[in-house]
Amino acid sequence: MASLIARTVRRHLLLRAKISRDLTSLPPTLNRLFPTARLVHTSFAAFNRTIRDDDISLLEAKQDPDTFGTLSPSVPEPDRLDEGDLREENFLQNLPARSQKLSTKQYADLIKGHLKNRRVKEAIDVLEVRMKEDRVKPVNYLFNLVIGGCARVGYSKKAFQLYNKMKQHGLKVTGGTYTSLFNACANTPFVGDGLEKANRLREIMIEKGYEPNESNYNAMIKAYGRCADLKTAFALVDEMQAKQLNINTDTFNFLLQACISDAEFGFRHALLVWHKMYRMRAVPDVYSFNLLLRSVRDCGLGDLDATTQVIEQILTESQPKLPQKESTEPALIEESSSDAPKELQTTQQSDEIVPEGTPNLLSRRPHLGSLVSLGQVTEPQDRLLLLGGASNFLEEMLKLNIQPDIKTMTELLDVVPPTTVAEKQVLSTIRRLGIRCDIDFFNILIKKRSMRFDYEGAREVLTMIRTARLEPDIVTYGVLALGCRTQDEARALLKEMEEVGVRVNIQILGAMLRQGTAMKNFRYVTEILQIVKQERFKPNEKFLEHLDAFNRQCEKMDKKYDKNARRAGREEFKLEYNRYKLKLDHWMDHMGLKGLKLDDARGVVREHPWEQFKQSQADGFEDTKNPKLRHKRKKQHSIRKVQVDELGGGEQSGGRLE
């Protein structure tokens, strides 16, 4: 076809050249008589130049009888190709080398390595970008790996997107996929969205006729429990029992997590779950005891009448089957009664006497001991006494051959009475049991002392940390910042952090701001704002809340001084307050928050919890924030060299928790 077009073009060129020569040879007389001939000659000459320049025109090729064309006019091709066409051309031309493709195991190892270091975006890119470039079709095993990684960090949106892609690829959805998706619902930061997704996923399982296994049920109980749907969580346990599935300790641990999600009634629910575990012959493990301590710390009893009925139910169901005697039904004691008090009691044998002393609702045979007034059970240490106290709690663990770990002792430290004597007893028990401590335990000890304004005792813990051959981390300095009451103390702590190579963050500065506002020290607060500006930090919501509360308090004081002009300290307050307002306005303007109310400012500084998973993770400034080191186990050392008896806190020495 190309040769035919070339011959046709050559024939036309020769014909035009002959016509041009004939017109040129005409005499001038004929040129005057036939001016159109000269015009044709000129046009042919210009056309010949065009032909010589472009070789062939589109119009000539179209009118050529030997060339097939179309009835529609020719349309010039665009200068820029469509992006889709470019991608298609690139996809067809740039074929990957055979050596570039990896095996399924190698892709899985890449994904596992990223997930181990919490590089979620990189793990997702292996599945969605790398394998697409390598022209490798993913399998459901790789999808399950990435979905599981997203579930562990609460990235529920991406987990369900991958689940939909998995179905689009025609891959089989396994039981592990459903387990990971329910774990994503459990760990999501958005409780309402997690509950909605869990309900929808459960409907899909029913529509497809999928029969959940034990792992699926445990994941569902975990999801509904953490999303505060305790009714469904308990109903799922009943469903497992109806299907004769194994209800083990893990199932009850997930139920305890569900109880913790209810801050008002959680402790009461936890007691029911604990004794239900005993009745179903499930043996608690160390995680069960740790979760129970968490419910002691974070949850309350709720309505006292309902709690009374629950405790009566626990005491009645825990009694051995004995012939009933004529006796009044046990009841809880009323507060402030002048008559002989009633008490709830249980008997292990028919002739056993009523137990006295500290109540114990933890053991298989619970009792309330002597008098109990539920109206006074308001603090964590009060709820711990209902379980028999710290000593009885540890004894119950040893009866079941469960060795307390440092997590247990850390949780126990958080719920014992806020006194140095109680803390010394916990330390003595750790030494006696030979438990190795980590830095988290000492961080809780510093926080506990700082919250009761024992700042000297909080600083004393640093010596204990060095004696135990541990190193402070950034959390240690954060809880130490709670005790920085003056500018000098704050500067000293910041200098100490600089010397050890730990970079300050907005949380530490927020703790210092809290102290500065509590002391009503304008210069202290102004200096913290200046550090935030210099370090180019973005204030978080807590930081703005402290600042807003301080500003409202200052406005009230300013109005009081305006009403009473002769009040002492008025001039000094006015001078410092006006200077502070000028610097605050400049700081708010620099942060882009000027003129915004607290709720609007929160929206500006609030960071979406999933934003971190959309960007490649960079190495941190300190080792504890380095993703390569984050997954490693924290250092644990013995505290046998710590002289507990020599610690401050009164004349009483630390003894055993007995």
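Just past helix α12 comes A228, with a positive phi near 70 degrees. The model is a predicted one, and α12 is a handy place to start reading it. The helix takes in residues 214-226, 13 in number, and its first and last C-alpha atoms lie 18 Å apart, close to the 18 Å expected at 1.5 Å a residue. At the other end from A228, the start of α12 has a side-chain oxygen of N213 within 3.2 Å of the backbone nitrogen of S215.

Most of α12 is covered, with 10 of its 13 residues buried. The buried stretch runs through N216, Y217, N218, A219, M220, I221, K222, A223, Y224 and G225. Helices α10 (175-187), α11 (191-207), α13 (230-242) and α14 (249-260) are among the parts of the model that cover these residues.

One of those covering helices, α10, carries T179. With a relative accessible area of 17%, T179 falls under the 20% cut-off and so counts as buried. Leaving out residues up to four places away in sequence, T179 touches S215, N216 and A219. With N216 there is also a polar contact, side chain to side chain, at 2.7 Å. N216 is itself one of the buried residues of α12.

Aromatic rings come next. The model holds 18 aromatic pairs. In one of them, F543 and W587 have ring centres 6.1 Å apart and planes at 35 degrees; that angle is neither under 30 nor over 60 degrees, so the pair is tilted. F543 sits in helix α28 (residues 541-563) and W587 in helix α29 (residues 570-590), so this pair ties together parts of the chain 44 residues apart in sequence. Both partners are out of the way of solvent by the 20% criterion: F543 counts as buried because its relative accessibility is 1%, and W587 counts as buried because its value is 3%.

F550 and Y580 make another aromatic pair, this one edge-to-face, with 5.6 Å centre to centre and 75 degrees between the planes. Here too the link runs between α28, which holds F550, and α29, which holds Y580, and the two residues are 30 apart in the chain. F550 and Y580 are both buried. They also belong to a wider group, as ring pairs join F522, F550, Y561, F573, Y577 and Y580 into a cluster. Elsewhere, a ring has a charged partner: K197 lies over the face of F160, 5.8 Å from the ring centre.

Back at α29, the loop that leads from this helix to α30 (598-605) contains L593. L593 has a relative accessibility of 0%, so it counts as buried. Setting aside neighbours within four places in sequence, its contacts are P539, L544, M588, A601, V604 and V605. For one of these, V604, the C-alpha atom is 7.9 Å from that of L593, with the two residues 11 apart along the chain.

A buried glutamate turns up in helix α19 (residues 389-399), which is where E396 is found. E396 has a relative accessible area of 5% and is therefore buried. Its contacts, not counting residues up to four places away in sequence, are Y278, F289, N360, L362 and S363.

As for nonpolar packing, the largest nonpolar core is made up of 157 residues, and F441, F442 and M512 have the most contacts inside it. Taking F442 from that trio, and again skipping residues up to four places away in sequence, the residues it touches are C437, V461, M464, I465, A468, L470 and I639.

Zooming out to the whole chain, the secondary structure comes to 31 helices and 0 strands. The chain has 658 residues, of which 43% count as buried. Contact range can be put as a share too: among contacts between residues at least 6 apart in sequence, 69% join residues at least 24 apart. The two ring pairs between α28 and α29 described above illustrate links across the sequence, with F543 and W587 at 44 residues apart and F550 and Y580 at 30.

Methods
Residues numbered from 1 in each chain as written. Predicted model: local features only at pLDDT ≥ 70, side-chain atom pairs only at ≥ 80, totals over all residues. Heavy atoms only, no water. Helix = DSSP H or I, 4+ residues; strand = E, 2+ residues; numbered from the N terminus. Expected span 1.5 Å × (residues − 1). Buried < 20%, exposed > 50% of the residue type's maximum accessible area, 1.4 Å probe, protein only. Contact = heavy atoms within 4.5 Å. Polar contact = N/O pair within 3.5 Å; in protein donor to acceptor, adjacent residues only side chain to side chain. Phe/Tyr/Trp six-rings, centres within 6.5 Å; stacked < 30°, edge-to-face > 60°. Lys NZ or Arg CZ within 6 Å of the ring centre and 35° of its normal. Core = buried A, V, L, I, M, F, W, Y, C linked by side-chain atoms within 4.5 Å.
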